[in-house]
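Reader: Could you take me through one part of this fold up close? I'd like to hear about the sheet and what packs on it.

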Amino acid sequence: SIDCNIFFSPFNYREHAALYAPEHLLIPEHGSPPDVQAEYFDLLTEEIVSLTSLSDGGALVLFTSNYNLMQVATRLRELTDLPVISQLEDGVQDALYKFRNDKNSILLGSQSFWQGIDVAGDGLRLLIITKLLFTPPDDPIFKARSENLEAQGKRPFFELSLPHATTMLRQAFGRLIRTEKDKGAVALLDSRIWQKTYGKTLIANLPRVQVVRTFGELERANEKFGLLKYSHPSTSSG
């Protein structure tokens, strides 16, 4: 068993947030043929379109690589009328500025957006995590620490990779619920959360939210709690 610290929060996550984690989006193996990868990006983009239609924008989509972000950006713009903002095209600050000033936009961000950004209120009501963020195995520091752990008879995945992925997932989750009034949904579009034994550890370390596996369940949770509604338009807007 793996011991992980579980932190509790004053926020009412049960009624203010939901975790949507579908089982059907399979991450292609590293080095998969181009047609397999293309099919995956098609399915991933369709899922993002469905989710952002439900929220009418106000969505931050997090990617683990710039390549994946670009693949989805191209497809997404063909399938949605909502404004699509890319961190790679506009840079961090300009992309954030555009997103904060358009409550119905979709912001695509890579690794620097997983932590440290703040979009208050329902300008951010949907957080989409396209893939769990593990340390790349070819990272030099990670490799050195892994070899050191292996020499001690320990398993680097459970000592390094899993705690890192857990922390990054928690920090990404923290982008969504920043105050007691915030509401929203997190969509984790990586079915390894159910397929791998470590998935239980990742979920156990998240705030105590309702976890739903189907889009229909998410729709019902949204209807019941108003998770994805843009509920505070300015009085000047018509």
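Author: Sure, and keep in mind that this is a predicted model. Let's start at one helix: α10, residues 215-225, lies across β1, β6 and β7. Against β7, α10 runs at about 145°.

Those strands belong to an open sheet of 7 strands, with parallel pairing and the order β3-β4-β2-β5-β6-β1-β7. The edges are β3 and β7 (210-212), each of which pairs on one side only. From one strand to the next, the twist averages 20°.

Now look at a single pairing in there. Strand β2, residues 59-62, runs parallel to β4, and 4 bridges join the two. If you want one to click on, Leu62 has Gly109 in β4 as its bridge partner. As background, strands of a sheet pair through backbone hydrogen bonds, either parallel or antiparallel.

Another helix to look at is α2, which lies across β1 (17-20), β2, β4, β5 (126-129) and β6 (184-188). Its direction is at about 170° to β5.

α2 also turns up in the surroundings of α3, as part of what covers the buried residues of that helix. The cover there includes β3 (84-86), α4 (87-90) and β4 (106-109) as well. So which residues of α3 are buried? They are Asn68, Leu69, Val72, Ala73, Arg75 and Leu76. As for the helix itself, α3 spans residues 66-79, 14 residues in total. From first C-alpha to last, α3 reaches 20 Å, close to the 20 Å expected at 1.5 Å a residue.

Definitions and conventions. Residues are numbered from 1 along each chain as its sequence is written. This is a predicted model: local features need pLDDT of at least 70, side-chain atom pairs count only at pLDDT 80 or more; totals for chains, interfaces and linings use all residues. Side-chain values use heavy atoms; hydrogens and water are left out. The expected span of a helix is 1.5 Å times one less than its number of residues. Buried means under 20% relative accessible area, exposed over 50%, partly exposed in between (1.4 Å probe, protein chains only). Contact means heavy atoms within 4.5 Å. Two strands pair if DSSP finds at least two bridges between them. Axes are lines fitted to C-alpha atoms, for helices over the stretch in contact, and angles run from 0 to 180 degrees between N-to-C directions.
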